[in-house]
Amino acid sequence: TMAAALHRKRTQRELRIATAGLEKQLEETRRAAEQNERYRRTLEALMEYVPEGITIAEMPELTITWISKHGIELTGRPAELLHNLPGRHHAQTWGIFHSDGTTPAENQELPLTRAGRLGEVVEGEEWILRRPDGSRICCLCNAGPIRDRSGVITGGVIAWRDITDRKRRERALQQSNEE
């Protein structure tokens, strides 16, 4: 009948429109997935090649999810010990001390904790890291929060570098000037 033919044509048109909408959504999803993959590969390259200690931790426990290759080398600890480590264990497991080298750090004082829990941006703080062999290195730390699109803190990131030699040279120069 005529009504059935009209209904069929209208249904086919609606199906074409719906299919076109789904195809557009699928293409947008594919592009987003490709972009996410590029970001992931870029982050992996940074974590592999940048000569800096970098740690990324995720909420709610500020659990360490990534540590740069150089960062693992600086700590002298096995990666397995540091990955998936919740924030409440960072200071003790990493062997972190205040810049005086004798006062053990508390977890809540650490730049990564302050960044991830309070949203604080930390710049140029010096901390001492005691390695398993007993040696100590002075680290210059910078940290900041990681936020989602709505501004909610989802984690934190810290970058640090070994400035032990620089500090040694500064002390030697200071001693030389005093003499």
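L62 lies in the loop between strand 1 and strand 2. Helices (H or I, at least four residues) and strands (E, at least two) are DSSP runs, numbered from the N terminus. The model is predicted, so local features need pLDDT of at least 70 and side-chain atom pairs count only at pLDDT 80 or more, while totals for chains, interfaces and linings use all residues. Residues are numbered from 1 along each chain as its sequence is written, and side-chain values use heavy atoms, with hydrogens and water left out.

Let us stay with this loop for a moment. L62 is buried, with a relative accessible area of 0%; buried means under 20% relative accessible area, exposed over 50%, and partly exposed in between (1.4 Å probe, protein chains only). P60 sits in this loop between strand 1 and strand 2 too, and the peptide bond that leads from M59 to P60 is cis, with omega near 10 degrees. Most residues other than glycine have a negative phi, and most peptide bonds are trans.

Here are three residues with a positive phi.

| Residue | Place | Phi |
|---|---|---|
| L62 | loop between strand 1 and strand 2 | near 55 degrees |
| N84 | loop between helix 3 (79-82) and helix 4 | about 65 degrees |
| G119 | just after helix 5 | about 80 degrees |

N84 is exposed, with a relative accessible area of 59%.

Now for the strands on either side of the first loop. Strand 1 and strand 2 form a hairpin with 4 residues between them. The two run antiparallel and are joined by 4 bridges; strands pair if DSSP finds at least two bridges between them. Strand 1 is also joined to strand 6, again antiparallel, by 6 bridges. A57 shows both pairings: its partner in strand 2 is I64, and in strand 6 it stands opposite G156. Strand 1 (residues 53-58) is mostly covered, with 5 of its 6 residues buried.

Next comes the inside of the model. A nonpolar core is a set of buried Ala, Val, Leu, Ile, Met, Phe, Trp, Tyr and Cys residues joined through side-chain atoms within 4.5 Å. The largest one has 24 residues, and I67, W94, I96 and W160 touch the most other members. Among the elements that each supply at least two residues are strand 2 (63-67), helix 2 (69-75) and strand 6 (153-162). Strand 5 gives the largest share, 4 residues. Another core, of 5 residues, lies apart from it and includes F97, C138, L140 and I163.

Helix 5 is largely enclosed by the rest of the structure, because 6 of its 8 residues are buried. Those buried residues pack against strand 1, helix 4, strand 4, strand 5 and strand 6, where contact means heavy atoms within 4.5 Å.

Two polar side chains round off the tour. T75 is found in helix 2 and is buried, with a relative accessible area of 0%. Its side chain makes a polar contact with the backbone nitrogen of R77 at 3.1 Å. A polar contact is a pair of N or O atoms within 3.5 Å; within protein, one must be able to donate a hydrogen and the other to accept it, and residues adjacent in sequence count only if both atoms are side-chain atoms. N107 is in the loop between strand 3 (96-97) and helix 5. The side chain of N107 reaches two backbone nitrogens: that of H90 at 3.4 Å and that of A91 at 2.8 Å.
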